[in-house]
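Q: I've got a structure open in front of me and I'm not sure how to read it. Can you walk me through a few features?

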Amino acid sequence: MENDQLLLQVENLKTYFFLDEGTVRAVDGVDFEIKRGETLGIVGESGCGKSVTARSILRIVPKPGRIVEGEIILHRVVDKRAGSKMIEQVRLTDLDPMGPIMRSLRGCEMALVPQEPMASLSPVHTIGDQIMEAIILHQKVSKAEARSQAIDMLKLVGFPKPEQRIDAYTYQLSGGLRQRAVIAMALSCHPSLLIADEPTTALDVTTEAQILKLMRSLQQELGMAIMYITHNLGVVAQMCERVVVMYMGKVVEEADVDAIFHKPMHPYTAALLRSIPRLGLKTRERQRLESIKGSVPDPYSIPKGCPFHPRCTKRIRGVCDVQDPPNVQVEPGHKVRCVLYQS
Amino acid sequence: MAVRDSIQEEIAIEEEELRKAGEQVYVAPPWKLMWWRFRKHKMALISSVVLIVFYFIAVFCEFVAPYDPDLPMLQFKQAPPTEIHLWDTQGQFHFPFVYQYTRAMDPQTLAITFIPVTDTRYPIQFFVRGFEYKLLGLWKTDIHLFGLPPEAQDLQGVFIFGTDRLGRDMFSRVCYGARLSLSMGLVSVFLSLALGVVLGGISGYYGGRIDILIQRVIEFIRTIPTIPLYMTLAAALPRDLPIEGVYFGITMIIALVGWTWMARVVRGRFLAMREEDFVLAARLNGSSEMRIILRHMLPSFLSYIIAALTLNIPNMILSETGLSFIGLGLRPPAISWGVLLQEAMNLRSLVLSPWVLTPGFAVVLSVLAFNFVGDGLRDAADPYAR
Amino acid sequence: MLAYIVRRILIMIPTLILISIISFTALQLPPGDYLTSYAAQLRQMGESVDEEAINALRERYGLGEPVYVQYLKWIHGILTRWDWGQSMEWQRPVRDLIGEALGLTVALAVFSLLISWLIAIPMGVFSATHQYSIPDYLMSIFSFLGIGVPSFLWALIIMYFAQTQLGLNVGGLFSEKYLSAPWSWDKFVDLLQHIWIPGLIVAIENTAGDLRTTRANLLDEVNKPYVELARAKGLSEGRLIWKYPVRVALNPFFSTVGWSLANRISSITLMSVVLSLQTTGPLQLRALTSQDMYLAGAILMLLSTLTVIGTLVSDILLAWVDPRIRLE
């Protein structure tokens with residue numbers, strides 16, 4: 001029964017970049033799961049490996065990066081359209097990243113909503129062309145059929161006058177509309193997993209709110225799971241059910257969204273939470289905003305032991321800088337990678 | 001309370017450690033970073049050595065050339081490149097030497113051939129005495145880099161690139177040609193730089209209408225095919241002009257068209273730089289425009305200009321060679337690579353003595369070397385970019 | 001789109017006027033007026049000089065009058081009668097002399113442009129998508145050969161090998177019997193048989209630059225987010241590269257067709273002198289050395305006009321493929 005609910009498993013994923021200057025361990029042993037229809041938030045500072053994890057799942061890690069270890073398993077419903085409930089396990093890490101099977105999954109079972117809607121659409125093609133391309137590719141329908149599906153999709157994402165605007169070029173659209181077009185493209189084949197990689201960072205606050213609301217309602221309507229990558233904890237609180245916190249290519253804490261916000265365990269999570277301003281506090285409750293001491297270490301020389309120890313206020317000399325912290329299950333569904341919770 | 005103190009203390013210790021480590025961090029100045037980047041470009045490094053050798057030859061061509069480039073040695077005419085040996089027919093090792101050649105005519109084809117006589121060997125010597133010249137135009141001397149001993153000079157020569165129709169040593173001529181061809185490239189590139197920096201700078205710094213005007217002029221000049229234009233202008237130079245006059249005229253003509261390229265680079269950098277925060281900061285601090293340009297902007301785009309200059313020299317060299325080659329540029333008795341190549345235009349001469357093409361290979365080598373060095377410099381120009 | 005084309009044509013007019021002024025100035029550069037030297041030359045050869053005819057010519061081209069009058073008369077003649085002046089050396093109107101030569105120059109330029117694109121675009125794309133592979137290095141070497149060896153040197157080298165190894169004379173664009181024959185299908189076929197060597201020579205010199213531009217532009221584009229999104233859509237690598245980044249990377253390529261044509265005309269001029277092709281190159285050289293200035297001026301002006309028209313065509317093409325420019 002539980003297995004029915006599972007959509008994606010990531011186990012001990014390691015994705016390294018081999019550069020002239022050395023090896024960058026962008027993702028260094030990441031585990032997590034995504035269940036059907038849930039929203040998983042992935043949080044961390046820039047460069048912590050969030051986006052590389054997403055690209056590893058889609059198998060589009062740019063050169064000179066490569067998955068060196070671990071596995072990614074997609075539990076896919078065979079023949080979704082025919083109403084079958086048969087579930088097939090696909091080990092994505094065994095597939096040729098550019099091979100036909102991976103290509104048929106990409107954009108169909110799993111779709112990406114990228115960071116910059118401005119730059120993510122081709123400047124010399126119409127948005128309709130780009131959406132229809134995805135539909136024709138995965139559903140083998142006629143051009144006319146694809147066009148009407150594309151218009152439906154644009155309507156779904158709240159695109160004004162989709163019948164006419166489908167022939168618009170990207171430079172004729174605002175940032176919010178472009179992101180809607182990108183979402184329409186991602187949803188065009190009804191994926192079971194939507195990977196949203198900071199989809200609203202490039203947008204202004206009001207547009208951001210609209211897009212977030214749109215994604216929530218679409219999720220309820222279409223029932224897909226969302227892997228939501230962000231560095232904005234406010235968005236996480238609003239969007240997600242479960243949260244994975246990453247630091248330097250490793251998962252440092254994984255828990256329900258309530259646990260993360262009310263009972264953060266890892267010093268890094270706690271520090272992150274202390275560094276966001278809060279509205280609505282009474283004057284005497286207000287505290288000085290804290291920042292995390294130091295900055296993210298050089299990716300070529302990750303500190304020994306716990307990667308966070310040089311910035312950690314609770315570090316134990318002789319322990320944290322020597323041994324790799326264990327992954328501790330403190331409560332059901334709450335894991336922390338820190339020696340403080342070692343029993 | 002005690003725990004807190006100990007943490008504070010630890011932090012203090014660690015910060016001290018960090019500060020010490022920071023002192024040991026070596027801070028490389030920008031030119032050093034550029035050098036490191038340039039050094040990674042192997043072809044650029046090799047090419048810069050080639051260019052140094054070429055310019056050394058250009059400056060000291062009298063010293064490097066074993067023979068007087070204008071002296072016809074009719075007994076050696078159309079001799080192929082002389083083979084230099086290290087082992088004689090018995091397999092005995094000697095210092096580099098050449099054999100005596102005898103001239104013979106094939107009775108059927110009437111082609112002249114040179115047959116080595118292996119009994120007579122002439123050693124190649126360094127710093128031998130030859131024709132007299134003034135080193136750098138100052139000191140009279142007759143020492144040459146290499147050659148055959150003086151007593152052998154009438155019997156046999158060492159012609160690395162062979163000789164031409166009149167028996168003049170091609171190697172010596174190519175060395176002399178380097179002087180005019182390579183210096184012309186440099187002079188015209190600096191002339192075009194002067195024009196390009198002034199006009200491109202004005203265009204990029206002031207922008208607006210004057211920018212549009214200068215851009216239109218550049219576009220216009222670039223639409224006229226250069227060689228036909230050069231030809232027309234070069235043909236207008238008076239026929240009886242002395243060599244120096246022609247040299248100056250051709251250089252001016254090439255620079256007059258070549259500046260557009262420079263101006264584009266300068267303008268582009270100016271436009272990019274105008275938006276930079278450090279320029280804004282300098283302006284807010286009340287620096288004068290001149291100071292902003294000279295003190296803040298110039299140093300940061302000097303490297304780009306040097307790279308663009310280097311990449312532009314080949315065009316200048318090729319233009320001069322092409323013009324002289326078809327007889328509208330420098331004319332004999334001036335010796336430039338283009339003038340030397342005129343010899344190859346004669347099909348008979350080309351077939352009988354293909355070594356008349358050697359000046360062409362000197363052109364190719366220098367053009368490629370400048371391109372590689374320019375590429376390396378361009379990569380190194382911005383050592384902070386990835 | 002139509003408005004854009006009209007605007008571009010209007011911008012062309014001042015350029016053409018400037019070109020005509022420069023060509024005319026060049027025509028005036030050599031000292032003396034050519035009719036006087038023409039008359040002197042005829043006298044020297046012992047021929048009788050028809051004073052009346054000379055005076056008629058003098059009147060027609062405004063010789064002896066102020067320079068701007070001469071210019072206006074020259075331009076007026078060109079525009080109304082297509083009269084480019086008289087060639088002193090050939091003793092024929094310039095317009096009869098340049099037609100075929102100009103046509104051949106254009107044919108060579110366009111032919112070499114097509115060869116270059118056919119080679120440079122696929123090779124540049126391959127090079128960029130297989131960066132640091134062995135074929136990429138081979139192509140770099142090839143492009144350096146093109147950059148380093150000018151067309152006239154290629155011409156010399158090919159001429160040498162054709163002569164010594166194959167016993168062929170590669171000079172000329174026609175076989176002997178078609179040289180002065182009127183145009184016919186057979187002559188055209190004959191031209192096609194001869195044009196490929198010079199076409200290839202010009203292409204080698206200029207393809208290198210195109211290859212490097214394609215490669216560099218494409219390398220800038222392939223890491224853009226829109227390419228990644230296309231990949232995330234599940235498109236195959238070949239299809240997405242050709243549909244998205246190549247399309248964008250080729251834009252600057254087409255926008256410089258005018259300059260590329262100008263460069264090719266330069267290469268053709270020098271190479272034609274070596275291979276004695278019947279293009280404008282040798283004709284111009286001969287006109288310049290014998291100070292046949294109306295002919296020389298006409299050639300300079302027509303060649304420049306051609307590249308201006310080439311630029312116009314490329315601008316229109318670019319506006320057609322890139323909607324951003326069209327609607328600016």
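A: Sure, let's begin with contacts along the chain. In chain C, 71% of the contacts with a separation of 6 or more are between residues 24 or more positions apart. Keep in mind that this is a predicted model.

Q: What does the secondary structure of chain C come to?
A: Here you count helices and strands. Chain C has 16 helices and two strands.

Q: What percentage of the residues of chain C count as buried?
A: For burial, you look at how many neighbours a residue has around it, with 20 or more other C-beta atoms within 10 Å as the cut-off. Chain C has 328 residues, and 41% of them count as buried.

Q: Where is confidence lowest in chain C, and where is it highest?
A: Look at the pLDDT. The average for chain C is 80, and 88% of the residues score at least 70. The low point is helix α2 (residues 34–44) of chain C, with a mean of 67, while helix α9 (residues 225–232) of chain C is highest, at 87. For the complex, the predictor gives an ipTM of 0.84 and a pTM of 0.77.

Q: At what angle do helix α13 and helix α14 of chain C pack?
A: For a helix pair, check the angle and the distance between axes. Helix α13 (residues 257–275) of chain C packs against helix α14 (residues 280–289) of chain C at about 80°, and their axes are 7 Å apart. Angles of 65 to 115 degrees count as roughly perpendicular, so α13(C) is roughly perpendicular to α14(C).

Q: Which residues make the contact?
A: Among them are C:Ile268 and C:Leu270 of α13(C), along with C:Pro282 and C:Leu285 of α14(C). Sorted by class, the contact of α13(C) with α14(C) has five nonpolar, five polar and no charged residues.

Methods
Residues are numbered from 1 along each chain as its sequence is written. Chains are lettered from A and ligands numbered from 1 in the order in which they are written. This is a predicted model: local features need pLDDT of at least 70, side-chain atom pairs count only at pLDDT 80 or more; totals for chains, interfaces and linings use all residues. Helices (H or I, at least four residues) and strands (E, at least two) are DSSP runs, numbered from the N terminus. A residue is buried if 20 or more other C-beta atoms lie within 10 Å of its own, exposed if 12 or fewer, and partly exposed in between; C-beta atoms are placed from the backbone. Two residues are in contact if their C-beta atoms, placed from the backbone, lie within 7 Å. pLDDT is the predictor's confidence in each residue, from 0 to 100. Axes are lines fitted to C-alpha atoms, for helices over the stretch in contact, and angles run from 0 to 180 degrees between N-to-C directions. Angles under 35 degrees count as roughly parallel, over 145 as roughly antiparallel, 65 to 115 as roughly perpendicular and the rest as oblique. Ala, Val, Leu, Ile, Met, Phe, Trp, Tyr, Cys and Pro count as nonpolar, Asp, Glu, Lys and Arg as charged, and the others, Gly among them, as polar.
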